[in-house]
Each structure stands twice: as structure tokens, then as C-alpha cells.
Amino acid sequence: MTPEKLISMAVEAMGKAYAPYSGFRVGAALLCSDGTIYTGCNIENAAYSPTNCAERTAIFKAVSEGRRDFTAIAVCGGKNGIIANLCTPCGVCRQVLREFCKDDFPVYLAHKDGFKALTLGDLLPYSFGEDSLK
Ligand code: THU
């Protein structure tokens, strides 16, 4: 699975975004170790705070199907679904990823000319995880 292919899955998922309030459409594609991909989109709500980000939609879909063996995620987003700048995962999504992924977990972020490859550790340094509770 190439980063480009994973991003194309995220772009497809972005097409399903339910974002009538912000108009900001996001898609995510989460890769598992056996090649299975779980996609997600943002799902907004009139009460605003129940809104779920695309990344968490994908993660929760996967975990609820018994998967936790994630090997990469691709994310794309933009106003009206037009990808211009990077759509970096929000702080809550970074922390949810941290629950299941290590610091070297690859995060591919789409932009208009391609993608930027980062790691979860880049996005969430000095993170709080299960080891912190010991
Ligand atoms: N959003 C995501 O889906 N993922 C992120 O990481 C950033 C924000 C969504 C939430 C909301 O529906 C819209 O983008 C504007 O914040």
C-alpha cells in the first residue's frame, strides 16, 4: 500500500463528509497490518460538540471491528472539499491515535501538490499514554 493509494482512499472518504455547518470536509484512511483499510469522514451535528472528526470515525470503526494493528493513516481535508493546505489532525484525534499507535506511526497529510509524511511523535511529542499511568 503506497501513501498515494492511502491518500486516494482518504479523498474518496472525504466525499462522504457530513459538514453542513463548517463546510470543511475531511477524509481519513487507516491502514491495518494485513492491508485492510478503514475509512472515515467528519460527521457534524447541529449542537456542534457531538461532531466527530474523520480520523476518529476511521479509528472507531476499526476498533469496533476488533482491529488495533494500525500501520499508517492518511488524512485530507479542505473547505468545500478542496484540498489546499494540510489538514492536520486535531489534538483529540492525536491523543486517540496515541492509544493504539507508537511514536513512529506514519501520518500522511495531503496537500494540493502531494503529501507530507510525518509521524505521530512529530504531531504529539511528550505524549501521555498507558505507560504514564504506571
Ligand atoms: N475535523 C476533522 O474531521 N479532523 C480534524 O483533525 C480537524 C477537524 C473536522 C471537524 C469539523 O467537522 C470540521 O473539520 C471543522 O473543524
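Helices and strands here are DSSP runs, numbered from the N terminus. With that in hand, on to the views of this predicted model.

**Figure 1. The whole chain, with its elements in the order α-β-β-α-β-α-β-β-α from the N terminus.**
That string comes to four helices and five strands. The radius of gyration is 14 Å, close to the 14 Å that the globule rule gives for 134 residues, so the chain is as compact as a globular protein of that length. Measure along the principal axes and the C-alpha atoms fill a box of roughly 45 × 35 × 30 Å. Of the 134 residues, 42% count as buried. Take the contacts between residues at least 6 apart in sequence, and 60% of them join residues at least 24 apart.

**Figure 2. The outside of the chain, which exposes about 7,200 Å².**
Carbon and sulfur atoms supply 54% of that area. As for charge, there are 14 positive and 14 negative ones, and their mean positions sit 5 Å apart.

**Figure 3. Tyrosine 21 and tyrosine 48, a tilted aromatic pair.**
This is one of three aromatic pairs in the structure. The ring centres of tyrosine 21 and tyrosine 48 are 5.9 Å apart, with 50 degrees between the planes. The pair links distant parts of the chain, 27 residues apart: tyrosine 21 belongs to the loop between α1 (3-14) and β1 (24-32), and tyrosine 48 to the loop between β2 (37-41) and α2 (54-64). Tyrosine 21 has a relative accessible area of 42% and is partly exposed, while tyrosine 48, at 56%, is exposed. Have a look at the backbone of tyrosine 48 too: its phi is positive, near 65 degrees, in a residue other than glycine. For context, most residues other than glycine have a negative phi.

**Figure 4. Phenylalanine 70 and phenylalanine 100, an edge-to-face aromatic pair.**
Here the centres of phenylalanine 70 and phenylalanine 100 are 6.0 Å apart and the planes make an angle of 80 degrees. Phenylalanine 70 lies in strand β3 (residues 70-79) and phenylalanine 100 in helix α3 (residues 91-100), so the pair ties together parts that are 30 residues apart in sequence. Phenylalanine 70 counts as buried because its relative accessibility is 9%, and buried means under 20%. Phenylalanine 100, at 27%, counts as partly exposed.

**Figure 5. Helix α2 and its buried residues.**
The buried set in α2 is Ala54, Glu55, Arg56, Thr57, Ala58, Ile59 and Ala62. Note that Glu55 and Arg56 are in that set. The buried residues of α2 pack against β1, β2, β3 and α3.

**Figure 6. Just past α2, with glutamate 65 and glycine 66.**
Glutamate 65 sits in the loop between α2 and β3. With a relative accessible area of 57%, glutamate 65 is exposed. Pick out tyrosine 38 as well: glutamate 65 and tyrosine 38 are 27 residues apart in sequence, yet their C-alpha atoms are 9.8 Å apart in space. Glycine 66 follows α2 and has a positive phi, near 90 degrees.

**Figure 7. Helix α3 and what it packs against.**
In α3, the residues Cys93, Arg94, Val96, Leu97 and Arg98 are buried. Two arginines, Arg94 and Arg98, are among them. The partners of the buried α3 residues are α2, β3 and α4 (120-123).

**Figure 8. Asparagine 80, in the loop between β3 and α3.**
Asparagine 80 is not a glycine, but its phi is positive, at about 55 degrees. The side of the story told by accessibility is simple: asparagine 80 has a relative accessible area of 57% and is exposed.

**Figure 9. Proline 106, in strand β4 (residues 106-111).**
A relative accessible area of 23% makes proline 106 partly exposed. Leaving aside residues up to four places away in sequence, proline 106 touches Thr71, Ala72, Ile73 and Leu118. Proline 106 and alanine 74 are 32 residues apart in sequence and 8.5 Å apart in space, C-alpha to C-alpha.

Terms used. Residues numbered from 1 in each chain as written. Predicted model: local features only at pLDDT ≥ 70, side-chain atom pairs only at ≥ 80, totals over all residues. Heavy atoms only, no water. Phe/Tyr/Trp six-rings, centres within 6.5 Å; stacked < 30°, edge-to-face > 60°. Buried < 20%, exposed > 50% of the residue type's maximum accessible area, 1.4 Å probe, protein only. Rg over C-alpha atoms; globule rule 2.2 N^0.38 Å. Contact = heavy atoms within 4.5 Å. Areas by Shrake-Rupley, 256 points an atom, 1.4 Å probe, with all protein chains shown as cover. Lys, Arg positive; Asp, Glu negative; His and termini not counted. Charge placed at Lys NZ, Arg CZ, Asp CG, Glu CD.
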